Amino acid sequence: MSLKEKFIFNFIQDDRWKYIADGLVVTLQVTFFAVLLGIAMGIIIAIIRSTYDKNSSSMRGFSKFILSVMNLLCKVYLTVIRGTPVVVQLMIMYFVILVSSNNKILVAVLAFGLNSAAYVAEIFRSGIMSIDQGQFEAGRSLGFNFVQTMQYIIIPQAFKNVLPALANEFIVLLKETSVAGYVGLQDLTKGGDIIRSRTYEAFMPLIGVAIIYLVMVMFFTYLVGILERRLRNSER
């Protein structure tokens, strides 16, 4: 059987290409919403940890106790999430925590989002810690409280500094979602595996899936490169 015949047999016949198309949509949905969740949680965790690192020595009383507890909880969260495989976290989310839920996309978004938040938090924390202490003092001199200083002065600068790293986290997360099939979610990888199970041929569907991932990663890498060049030009 020629490559053309194999291509027709694996993808065209019986409209098997729809497994790939539907899986691609699911993969992009999970990745997009998981990134949003990861960024939202990551920023909160990064603010708590960086605030503790910068201000714990000068704080006293109940406020220091609360901040210390929150920082400890964040450190435990980061240790657990970064120290365990994402596929195990996904299976715990599906078979233990949300065992009563039939929404597999929601389960995947929560699992990958919580995983991504741990890495985004450290990215953002490094960005916040890189901001000169004078920026904090400038905000206070303008009459801003701590929250306003972070919102209007620190976070925008930190976000600009870490934006390329966040874009790379999106690319990493895109590839990590390939394990979503462990909980029966028909993502891109699972779509290729379904075709393999129907045609009893592994080469064409799996190579096809690999090529699609490669093209997406190359495309987003190209966009990250453009973003980095624009950020460098804006600093001149």
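This passage describes a pocket, a surface patch, a set of salt bridges and a short loop in a predicted model.

A good place to start is the largest pocket, which has a volume of about 210 Å³. Its lining is made up of 14 residues, and those nearest the pocket centre are Val35, Leu163, Leu166, Ala167 and Phe170. Four helices each contribute at least two lining residues: helix 2 (17-55), helix 5 (104-129), helix 7 (146-176) and helix 9 (203-234). Helix 7 gives the largest share, with seven residues of the lining. In terms of residue class, the lining of this pocket contains 12 nonpolar residues, together with one polar and one charged residue.

Nonpolar side chains also appear on the outside of the model. Val88, Met91, Ile92, Phe95, Val96, Ile97 and Tyr182 form a nonpolar patch on the surface, and together these residues have about 660 Å² of accessible area. One of the patch members, isoleucine 92, sits in helix 4, which covers residues 86-97. With a relative accessible area of 40%, isoleucine 92 is partly exposed, because the buried class ends at 20% and the exposed class begins over 50%.

Attention now turns to charged residues. Side chains of opposite charge can pair when their charged atoms come close. Across the whole structure, a search finds seven salt bridges. Several of the residues involved belong to a network of salt bridges that links Arg49, Asp53, Arg82, Glu122 and Arg125.

Within this network, arginine 49 and glutamate 122 meet through their side chains, with an N to O distance of 3.0 Å. Arginine 49 belongs to helix 2 and glutamate 122 to helix 5, so this salt bridge ties together parts of the chain that are 73 residues apart in sequence. Arginine 49 is buried, at a relative accessible area of 11%. Glutamate 122 also meets arginine 82 in a salt bridge, here with an N to O distance of 3.9 Å. That pair links distant parts of the chain as well, since arginine 82 lies in helix 3 (residues 61-83) and glutamate 122 in helix 5, 40 residues apart. Arginine 82 is partly exposed, with a relative accessible area of 43%.

Aspartate 53, another member of the network, is found in helix 2. Its relative accessible area is 35%, and aspartate 53 is therefore partly exposed. For a sense of scale, aspartate 53 and phenylalanine 219 are 38 Å apart in space, C-alpha to C-alpha, and 166 residues apart in sequence.

A further salt bridge joins arginine 16 and aspartate 14, whose closest N and O atoms are 3.2 Å apart. The two partners have contrasting surroundings: arginine 16 counts as buried at 9% relative accessibility, whereas aspartate 14 counts as exposed at 60%.

Aspartate 14 lies in the loop between helix 1 (3-12) and helix 2, and the backbone of this loop deserves a brief look. The phi angle of aspartate 14 is near 60 degrees, a positive value in a residue other than glycine. Aspartate 15, which is placed in the loop between helix 1 and helix 2, likewise has a positive phi, of about 55 degrees, although it is not a glycine. At 38% relative accessibility, aspartate 15 counts as partly exposed.

Methods: Residues numbered from 1 in each chain as written. Predicted model: local features only at pLDDT ≥ 70, side-chain atom pairs only at ≥ 80, totals over all residues. Heavy atoms only, no water. 1 Å grid on protein atoms, 1.4 Å probe; cavity = no way out; pocket = protein on both sides within 12 Å on 5 of 7 lines; lining within 4 Å. Points joined across faces, edges and corners; volume = space filled by probe spheres on them. Nonpolar A, V, L, I, M, F, W, Y, C, P; charged D, E, K, R; others polar. Patch = residues over 30% accessible without salt bridge, like charges linked within 9 Å, V, L, I, M, F, W, Y side chains within 5 Å. Areas by Shrake-Rupley, 256 points an atom, 1.4 Å probe, with all protein chains shown as cover. Salt bridge = Lys/Arg side-chain N within 4 Å of Asp/Glu carboxyl O. Buried < 20%, exposed > 50% of the residue type's maximum accessible area, 1.4 Å probe, protein only.
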